[in-house]
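User: Hi! I'd like to walk through a structure with you, one topic at a time. Could you start with a term I'll need?

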Amino acid sequence: MAQKDYAFQQCIIPACGATCGVDEVRVACPRCGSLLDVAYAWDHLPLPRSLREFEAAWARRSDPHCFSGVWRFHRLLPFAPIEQCVTVGEGQTLLHASEGVAKYVGVKPGRLFLQYEGMNPSGSFKDNGMSAAFTHARFVNATRAACASTGNTSASLALYCSVTRLMKAVIFIGSGKISYGKLSQALDYGALTVQIAGDFDDAMARVQEVSSQLGIYLVNSVNPFRLEGQKTIMFRVLEALGWEPPDWILVPGGNLGNSSAFGKAFQELALLGLIRRIPRLAVINAAGANTLYQLHEKQGLRWNGGSPAQDAVHAFYDDMTQAGNRAKTIASAIEINRPVNLLKCLRALEVMDGVVREVSDQEILDAKAQVGAGGLGCEPASAASVAGAKRLVSEGIIGRDERVVCVLTGHQLKDPDATVAYHTTDQELFNKVLGSRGVRRAAFANRAVAVPNDIDEIIKAIHLYG
Ligand code: F0G
């Protein structure tokens with residue numbers, strides 16, 4: 001039997017359980033319309049006896065599939081033969097222990113780690129998933145790929161298209177909704193960029209319609225193959241910690257693909273007997289885009305062993321439509337009110353005994369400044385994980401002794417406008433970019449010093465402020 005016979009797609013709702021082939025292109029269950037997983041007949045697949053076996057790949061780094069931080073874990077996402085897996089060198093990322101951020105968050109030294117996904121080729125974690133989606137797209141001979149995006153998925157899609165030449169990219173973005181760092185990537189890599197008069201939620205609904213009408217391969221995280229690639233972020237975290245799971249994983253929540261992928265990763269590792277303990281998960285929403293927080297924490301919505309109260313979700317969305325509520329946050333990457341992976345994320349929260357919190361734009365930007373000062377910069381959305389950690393420590397939910405991993409999802413240069421506005425001395429700029437978001441102060445601003453063009457004045461300023 002070919003390897004593909006050991007992988008299939010399966011509806012996430014156990015009562016449905018419909019399956020379809022791994023060589024089919026679907027973003028929803030053909031029977032009930034819910035989300036799909038990639039599933040494996042693990043018993044028939046060659047599995048490692050211990051996670052340590054993955055370390056051998058380091059010795060073969062001249063092989064692109066061993067170099068890739070996604071494909072060196074191929075045995076844990078074996079939906080395509082390794083020689084067909086697409087890589088542009090994704091996943092060379094770092095787990096960085098940050099003393100400065102540990103202090104800010106309130107945990108003991110040596111307990112706070114930043115999983116820095118900004119080191120990916122397109123500058124965000126999306127490349128982990130894109131390598132897997134492209135592998136599947138090649139498998140099914142797709143020639144065009146589309147996504148709706150708050151900027152990072154589109155940058156990643158555009159990069160994979162331009163480097164691999166496998167497909168042409170069509171990108172849907174909300175009008176004025178993505179940062180220039182990300183827009184510039186899509187334009188530079190030559191993607192067809194369609195700006196919709198609306199926000200991300202509008203663009204997401206449209207791209208699904210258009211893709212199915214025109215037969216374009218959809219690479220948003222409703223595509224279950226993308227999430228297979230994103231599982232490897234957790235494998236690398238474990239690897240960096242000597243395969244000993246941390247106590248907590250914190251991740252910003254937008255479309256909820258990452259959190260869903262993390263839950264699946266740990267569920268599978270536990271099932272396969274490769275870990276003995278599953279870390280807890282905290283998904284952090286921006287307060288201006290807090291659907292998951294509202295449903296999980298305020299309304300008590302749970303996965304409920306595979307029977308979530310879906311009516312509650314529909315009612316919540318109907319209310320949102322009637323009230324004309326739109327997502328609004330400086331963390332534009334997670335400015336999303338209708339997360340497509342909501343149900344999968346509920347499952348992840350159940351598997352990982354998770355919690356959800358919301359943080360304000362003020363908390364996000366202060367946390368971001370602390371991350372920057374600690375050595376690794378990140379974009380605003382990423383800092384939600386750190387702001388969320390601070391909150392959970394102050395609530396006593398995360399203990400000061402616990403080992404905490406915050407995922408930094410995107411690079412600092414993705415959104416320089418927010419950073420410059422935070423550190424600026426120009427009150428007008430501050431008010432324009434941040435004041436309108438309810439940000440009142442920049443407690444950790446590192447202000448530029450204005451000096452006359454005069455050598456003595458410059459030296460005086462360095463003595464005074466240096
Ligand atoms: N952080 C960053 C930097 C992101 O770009 C995103 C999502 C998230 C967090 C949220 O991750 O969707 O898995 O919950 N960006 C998507 C995009 C929506 O289009 O680039 P999620």
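Analyst: Happy to! A polar contact is a pair of N or O atoms within 3.5 Å; within protein, one must be able to donate a hydrogen and the other to accept it, and residues adjacent in sequence count only if both atoms are side-chain atoms. This is a predicted model, where local features need pLDDT of at least 70, side-chain atom pairs count only at pLDDT 80 or more, and totals for chains, interfaces and linings use all residues. Residues are numbered from 1 along each chain as its sequence is written, and side-chain values use heavy atoms, with hydrogens and water left out.

User: Which polar backbone atoms does the ligand's oxygen sit 2.7 Å from?

Analyst: A polar backbone atom of L256 is 2.7 Å from an oxygen atom of the ligand, and for N255 the distance is also 2.7 Å. For G254, a ligand oxygen is 2.8 Å from a polar backbone atom.

User: How much of the ligand's accessible area does the protein cover?

Analyst: The protein covers 99% of the 470 Å² that the ligand has on its own. Those areas come from the Shrake-Rupley method with a 1.4 Å probe; for residues, only the protein chains shown count as cover.

User: And which residues around the ligand come nearest?

Analyst: There are 21 residues around the ligand, and S149, G254, N255, L256 and T409 come nearest. A residue counts as near if one of its heavy atoms lies within 4 Å of the molecule or strand in question.

User: New topic: which residues touch the most others in the largest nonpolar core?

Analyst: That core has 107 residues, and F79, L157 and I249 touch the most other members. A nonpolar core is a set of buried Ala, Val, Leu, Ile, Met, Phe, Trp, Tyr and Cys residues joined through side-chain atoms within 4.5 Å. Buried means under 20% relative accessible area, exposed over 50%, and partly exposed in between (1.4 Å probe, protein chains only). Helix 7, residues 224-240, gives the most to this core, with seven residues. Helices (H or I, at least four residues) and strands (E, at least two) are DSSP runs, numbered from the N terminus.

User: What does I249 touch?

Analyst: Leaving out residues up to four places away in sequence, the contacts of I249 include M234, V237, F262 and F266. A contact means heavy atoms within 4.5 Å. Apart from this core lies another one of 35 residues, among them V107 and W248.

User: Now helix 5. Is K182 buried or exposed?

Analyst: K182, which lies in helix 5, is buried at 0% relative accessibility. The buried residues of this helix, residues 180-188, are G181, K182, L183, Q185 and A186. Their cover includes helix 4 (152-164), strand 7 (168-174) and strand 8 (192-196). K182 also touches residues far along the chain in numbering, including S332, E379 and K414.

User: How many disulfides are there?

Analyst: Zero. A disulfide is a pair of cysteine sulfur atoms within 2.5 Å. C66 is unpaired because its sulfur is 12 Å from the closest cysteine sulfur, in C85, too far for a bond.

User: Last one: where does R165 lie?

Analyst: R165 lies in the loop between helix 4 and strand 7. Its phi is positive, about 60 degrees, although R165 is not a glycine. Most residues other than glycine have a negative phi. R165 counts as exposed, at 70% relative accessibility. W243 also has a positive phi, near 70 degrees, but W243 is buried at 9%.
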